[in-house]
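Subject: Structure for your files

Dear colleague,

Here is the structure I said I would pass on. My notes on it follow below.

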Amino acid sequence: METWILDRRDVAAVMALVGRDALMERVVERLTEGLADIGHGRRELSPLRDGFERSEPVPGILEWMPHRDPGDSITIKTVAYSPGNPERFSLPTIIGTVARYDDTTGALTALMDGVLLTAVRTGAASAVASRLLARPDSRTLGLVGAGAQAVTQLHALSLVFPLERALVWDTDPAHLESFARRAAFTGVPVQVADPARIAAEADIVSTATSVAVGAGPVLPDTAHREHLHINAVGADLVGKTELPLTWLRRAFVAADHPEQARREGECQRLAPADPVTGLAELVAEPQRAEDRRDGPTVFDSTGIALEDALAMEVFLEVAAEHGLGSRMSIEHHPADALDPYALQPVPAAASL
Ligand SMILES: NC(=O)c1ccc[n+]([C@@H]2O[C@H](COP(=O)([O-])OP(=O)(O)OC[C@H]3O[C@@H](n4cnc5c(N)ncnc54)[C@H](O)[C@@H]3O)[C@@H](O)[C@H]2O)c1
């Protein structure tokens, strides 16, 4: 049995063939369907992820994020958060790979890049949540943190709202300066604005920062539009949060994974009695979200492997349509299943 591999050239080819907008739209719709399945009890939410935290040489974490669709597949993303990467190594802060296993045999059936996939599905998750909780006529998006995820936050939200401008802030002047170029393909005009102005003028805000543990909030609790919806994307470590607690307490809070959000998302500072609603419940019963749109709302996005599994499906479908990817016999499946030394003949070319 062979493993189907989509490397960086294959994911780039998927993007080029489908187009960025259509790919993002497909992932938004797939996430909506998958979350609705969970909300209606037809599918299980992914279990909590786990990981190894490191403080040296670059503070961060490497996590494994599992999702199981019984009888079909198990998808596991290994993903590292290494905020020193861009400056020290010219590498993204978020690096990962996604592996898919056959749920019956355990065989590795597919393996793909997780960097582009993570950025796309994280933008898509904010689009799903914002479509439920933000006003449909939202025109101003605020972005706090102008790194990699900010690009796909703006992209995804520009596809589901009539955005007229994006107000952006980052503590790194170089990242702030380059954002307009990186986001130009969206066609949404970008203006630099400090966090207080973003809070005051935005209809929707996405926070996606690498703020250090204990150094938040990145957005002040100052005057804001009554209906402001915030996608809090960057709180995903114990002690790392982006929003003022006062703001969080008065907002209606939804989370992709309420238990995970209470452990490491914005919700880690809420009391157990403070309500946190599952995003899947809202997708299944959208009226519950729509009833909240005129007041402050938060989507606490910590990221779940279900999203990775669904986005991977989209990439694999396009790859299948166009014959993309390569096949490798990574696992040793002996000619005699009971004899590990019963080696299969290796073709001459492959043994070079
Ligand atoms: N929820 C999810 O599913 C999900 C998925 C991917 C990444 N993330 C998280 O999103 C965050 C951003 O990821 P990225 O890939 O964009 O990283 P990145 O390094 O590309 O960008 C982060 C940006 O935040 C800026 N920043 C740091 N402190 C700031 C502050 N106080 N105010 C404003 N800007 C500040 C940095 O200068 C940098 O430009 C990370 O915490 C990451 O773990 C969440």
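How many of the 19 residues of α4 are buried? The model is a predicted one, and in it 17 of the 19 are buried, so helix α4 is largely enclosed by the rest of the structure. Its length is as expected: at 1.5 Å a residue, the 19 residues should span 27 Å, and the end C-alpha atoms of α4 are 27 Å apart, which agrees.

Overall layout

The protein is divided into two domains: domain 1 covers 3–116 + 306–351, and domain 2 covers 136–302. Their C-alpha centres lie 26 Å apart. Across the boundary, 19 residues of domain 1 are in contact with 18 residues of domain 2. On the domain 1 side, helix α2 (residues 20–39) gives the most, with ten residues. By class, that side of domain 1 has eleven nonpolar, four polar and four charged residues.

The eight-stranded sheet

One open sheet is formed by eight strands in the order β9-β8-β7-β10-β11-β14-β12-β13, with parallel pairing. The edges are taken by β9 (190–192) and β13 (277–278); each has a single partner strand, so one side of each is left without a neighbour in the sheet. Strands β10 (residues 204–207) and β11 (residues 229–232) run parallel and are joined by four bridges. Within that pair, Ile204 stands opposite His229 in β11. Helix α4 (residues 115–133) packs on this sheet, where it touches β10, β11, β12 (252–255) and β14 (297–300), and its direction makes about 160° with that of β11.

The loop between β10 and β11 holds Pro217. The peptide bond from Gly216 to Pro217 is cis, with omega near 0°, so please check that spot when you go through the backbone. 

Strand β7 and helix α5

Strand β7 (140–144) is mostly covered, with five of its five residues buried. Thr140, Gly142 and Val144 point one way from the strand, while Leu141 and Leu143 point the other way, and all are buried. This fits the general pattern that side chains in a regular strand alternate between the two faces of the sheet. β7 runs parallel to β8, and five bridges join the two. One of the facing pairs has Gly142 of β7 with Leu167 of β8 as its bridge partner.

Helix α5 (residues 148–160) lies across β7, β8 (165–169), β10 and β11, and runs at about 165° to β7. Like β7, α5 is mostly covered, with ten of its 13 residues buried. Among the buried residues of α5 are Gln149, Gln153, His155 and Ser158, along with Leu154 and Leu157.

The seven-stranded sheet

A second open sheet has seven strands in the order β2-β3-β4-β5-β6-β1-β15, and its pairing is mixed. Here β2 (50–54) and β15 (326–328) stand at the edges; each has a single partner strand, so one side of each is left without a neighbour in the sheet. From one strand to the next, the twist averages 15°. Strand β1 (residues 3–6) pairs with strand β6 (residues 108–113) in the parallel sense over three bridges, and Ile5 stands opposite Leu111 in β6.

The loop between α3 (85–89) and β5 (94–102) contains Ser90. Phi of Ser90 is near 50°, a positive value in a residue other than glycine. Is Ser90 buried or exposed? Ser90 counts as exposed, because it has 7 C-beta neighbours inside 10 Å, and the cut-off for exposed is 12 or fewer.

Helix α12

Helix α12 (residues 305–321) has 17 residues, which at 1.5 Å a residue should span 24 Å; its end C-alpha atoms are 24 Å apart, which agrees. Twelve of the 17 are buried, so α12 is largely enclosed by the rest of the structure. The buried residues of α12 include Glu307 and Asp308, together with Leu306, Leu310, Met312, Val314, Phe315 and Val318. Just after α12, Gly323 takes a positive phi of about 65°.

Regards

Note on methods:
Residues are numbered from 1 along each chain as its sequence is written. This is a predicted model: local features need pLDDT of at least 70, side-chain atom pairs count only at pLDDT 80 or more; totals for chains, interfaces and linings use all residues. Domain bounds come from an automatic or database domain assignment. Two residues are in contact if their C-beta atoms, placed from the backbone, lie within 7 Å. Ala, Val, Leu, Ile, Met, Phe, Trp, Tyr, Cys and Pro count as nonpolar, Asp, Glu, Lys and Arg as charged, and the others, Gly among them, as polar. The expected span of a helix is 1.5 Å times one less than its number of residues. A residue is buried if 20 or more other C-beta atoms lie within 10 Å of its own, exposed if 12 or fewer, and partly exposed in between; C-beta atoms are placed from the backbone. Two strands pair if DSSP finds at least two bridges between them. Axes are lines fitted to C-alpha atoms, for helices over the stretch in contact, and angles run from 0 to 180 degrees between N-to-C directions.
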